[in-house]
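Colleague: I am new to models with several chains, and I would like to learn how to read the places where parts touch. Could you take me through this one step by step?

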Amino acid sequence: MTGTITAGARVLILDQADNVAVALTDLPRGEVVATSGDGVVVATVEPIQAAHKLAIRPIAAGEAVIKYGEAIGLAHAAIAAGAHVHIHNVSSGRLPGPHR
Amino acid sequence: MSELLGYPRDSGRWGIRNHVLILAARAAANRAAELIADKSGGAIAVGHEWEARPGDADAELIVRTLVGFAANPNVGGVVLVAATDADRELADEIAARGQTVETVVMTEHGGTLGTVDAGAELARRLSGAAARCRPQPMPLTALSVGLECGGSDAWSGITANPALGIASDRLIAAGATAILAEVPELVGAERFLASRAVTPDIGRQVIALIEGFERSVRELGVDIRGAQPTPGNIHGGLTTIEEKSLGAARKAGTAPIQGVLAYAQAPSRPGLYIMDTPGHDIEQMVGLVAGGCQAIAFTTGRGTPTGSPIAPCLKISTNSRIYERMPGDIDLDAGGIIDGSKTVESVGDAIFETLLEIGRGRRTCSELRGNSEFAIRRVHYD
Amino acid sequence: MRSCDLTGYPRCDGTAGVRNLMLVLPSVVCATQVARELGKAAGAVAIVHQHGCLHVGDDLAHTERMLVGAALNPNIGAVLIVGLGCETVQGASLARTLSERRPRVDYVGIQEAGGTAQALAQGRAIVDGRLAQLSATPRVALERGTVRVGIDRAGDPLVEPLREALETRGFPTCVAETASVGGAHVELAAAGMQAIVSLCGPGEPPLGSAICPVIAVARDREMYLALADDFDLGAIEGTHREHAQLIAETVASVCAGEPTAAERRGALDFVLQRLAVTM
């Protein structure tokens with residue numbers, strides 16, 4: 001389940017298995033965000049709109065995108081850490097779309 | 001105080017509202033129903049697109065929906081506006097559910113305009129009887145709340161839906177009922193939900209329900225995007241149906257799932273259920289109300305003003321921007337969770353308390369605006 | 001019937017309406033309450049429906065075609081599209097498509113406007129402005145053949161004599177029969193018919209239409225007697241030829257401005273047939 005968002009937090013990682021974080025506010029390019037616990041930091045490689053996702057680890061083409069600890073789709077292109085994750089690089093793993 | 005104020009009905013159920021409903025039996029009676037309600041000061045007309053043609057493969061589903069809707073305990077009495085004598089069957093079925101129903105038949109009055117006076121007289125009689133029914137202390141165990149989301153964005157699964165889940169858990173703990181729906185928006189969340197079923201068989205039913213929908217979409221062979229997720233969902237950060245579903249499933253908190261309901265089916269025991277409805281906001285809402293929900297708790301990210309003609313719809317915004325942008329359409333804001341000024345728990349408690357207030361008579365934005373959307377569900381297409 | 005008896009409202013695409021409606025058309029069910037309120041203005045006509053969201057494939061294309069067709073019907077003098085903002089059938093895009101074909105197309109988006117109250121305020125100003133423009137438009141003489149009449153039944157033996165009677169009077173005809181009568185009316189309106197003859201059988205009460213005057217003809221004695229006020233004509237005794245003549249004459253006066261039974265009672269039906277289940 002969702003963790004508590006503390007005042008001033010810029011991103012939210014919903015589950016420790018996730019490979020994406022949710023921007024809690026509009027993030028500019030080059031903002032450094034911490035991934036929980038493991039000491040790895042990621043810098044955004046492009047602006048990320050509030051509520052949208054950024055990759056916190058590189059995601060290979062064909063790899064599952066994990067949010068809420070579950071697969072929310074498949075990357076149909078390689079995604080760099082810190083990149084915007086959305087319809088331009090992710091498709092549903094379950095229902096038909098333009099890339100299936 | 002955790003009691004509500006409601007109206008006990010002959011059916012043994014309780015309403016938290018006391019409406020007089022003017023229901024069109026078929027589309028040809030819509031105008032008569034509208035004119036009767038106009039003349040009846042306070043009665044609510046509901047019309048729809050069902051023509052009641054012979055041989056309609058969805059007739060049983062639609063009749064069951066109209067009957068369940070009319071029998072909702074928020075309705076103190078129904079005037080059924082029948083076009084012909086053939087429509088009387090609908091009134092019989094409504095009466096069989098313990099609902100007070102009067103029928104006016106257009107063919108007995110020469111057409112629409114002649115029906116209005118007779119219908120308005122029936123409505124006035126029902127309103128008089130309803131006015132004599134005073135609200136009484138109502139146990140929380142008699143409350144059934146539909147859990148809905150519409151115009152979702154990526155905040156939905158982070159703020160309003162988990163907060164609603166907390167409120168849902170409190171309802172269940174108090175012995176009330178909550179119903180989760182919109183099967184297309186559970187694709188990806190089926191294992192998460194099935195693991196909470198009270199028996200393995202119900203777990204299998206949950207999975208079958210969701211995978212069945214998935215299969216039917218593959219058979220259609222269409223690109224579902226634009227429908228699921230919608231353009232608004234996508235703009236709001238939701239990328240796939242799975243992401244939307246995992247967020248949507250959070251509306252139902254952590255309580256065990258007692259069973260799977262057919263569209264418009266009322267559960268026979270309190271608890272948390274999943275109902276087979278589409279994601280369509282209004283088809284879903286009608287199914288929930290026809291299944292006995294006296295209130296709808298509705299989270300929204302993009303903002304939508306919709307409501308039910310006969311049930312209060314508590315609108316909860318996922319973000320403060322939409323709460324401020326659409327005053328008069330949103331009742332409660334979960335957006336404080338995003339900047340940490342509120343917690344999911346505190347908003348969840350606020351939702352629960354607001355539902356109790358609604359159950360004691362507090363009007364929602366949708367009621368004050370008179371939002372009364374209605375839709376019939378169809379499943380048969382060749 | 002002389003061609004100078006035919007009057008109406010010419011449109012910029014060569015068609016002409018027999019009505020000059022201010023149509024308030026919601027692109028999605030969530031915008032229907034606002035549309036309904038705006039439709040209460042005298043002279044405005046609002047469509048209330050349950051569609052516009054969560055359609056896929058052919059069903060989506062069909063619904064979009066029907067909504068576009070309704071708004072482009074020659075009877076429509078001005079159209080206000082009301083959208084929500086997040087829906088599958090995007091109201092703004094619908095309005096853009098329409099404004100490429102017609103003048104007097106406006107759009108209000110509920111989310112964009114800032115909610116219901118704002119959308120109503122914006123919508124009322126637009127509707128009032130357009131109604132003033134429309135009321136200043138007179139009826140003018142139309143060329144024979146400009147006004148087309150739809151018939152909502154294929155199998156009735158009255159159809160062929162009726163088509164002949166109408167075409168002799170200078171009304172081209174089109175027949176459409178679908179599983180739902182209301183659905184046929186929507187198809188005929190989208191195909192550009194300016195009036196519809198509805199042939200109602202046993203046990204079938206008549207529907208009106210938000211877009212076209214519907215001349216409701218009872219083909220069943222029982223229904224005609226029981227719902228006399230809701231029908232324009234009964235075609236029960238007598239020959240097909242006699243019925244066809246009488247219906248055609250009624251069509252002509254309706255096109256000249258005589259209100260139908262449906263218009264008198266305000267039946268603004270719009271039954272959109274779907275091709276697939278809602279998501």
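**Where the parts touch**

Modeller: Let us begin with one pair of chains in this predicted model: 31 residues of chain A are in contact with 30 residues of chain B, where a contact is a pair of residues whose C-beta atoms, placed from the backbone, lie within 7 Å.

Colleague: Which strands of chain A each supply at least two residues of the side that touches chain B?

Modeller: They are β7, residues 70-75, and β9, residues 90-91, and β7(A) gives the most to that side of chain A, with 4 residues.

Colleague: How do the residues on that side of chain A divide into nonpolar, polar and charged?

Modeller: The side of chain A that touches chain B has 16 nonpolar, 11 polar and 4 charged residues.

Colleague: Which chains share the most contacts?

Modeller: There are 2 pairs of chains in contact, and of these chains B and C share the most contacts. Chain A and chain C, by comparison, are joined by no contact, and their closest C-alpha atoms lie 11 Å apart.

Colleague: How should I read chain C, with its domain 1 and domain 2?

Modeller: A chain can be read in the same manner, part by part. In chain C, domain 1 covers 21-135 and domain 2 covers 144-265, and their C-alpha centres lie 27 Å apart. The contact between them takes 9 residues from domain 1 of chain C and 9 residues from domain 2 of chain C.

Colleague: What gives the largest share of the domain 1 side of that contact in chain C?

Modeller: Helix α2 of chain C, residues 57-72, gives the largest share, 4 residues, while the whole of that side of domain 1 divides into 5 nonpolar, 3 polar and 1 charged.

How values were computed: Residues numbered from 1 in each chain as written. Chains lettered and ligands numbered in written order. Predicted model: local features only at pLDDT ≥ 70, side-chain atom pairs only at ≥ 80, totals over all residues. Nonpolar A, V, L, I, M, F, W, Y, C, P; charged D, E, K, R; others polar. Domains from an automatic or database assignment.
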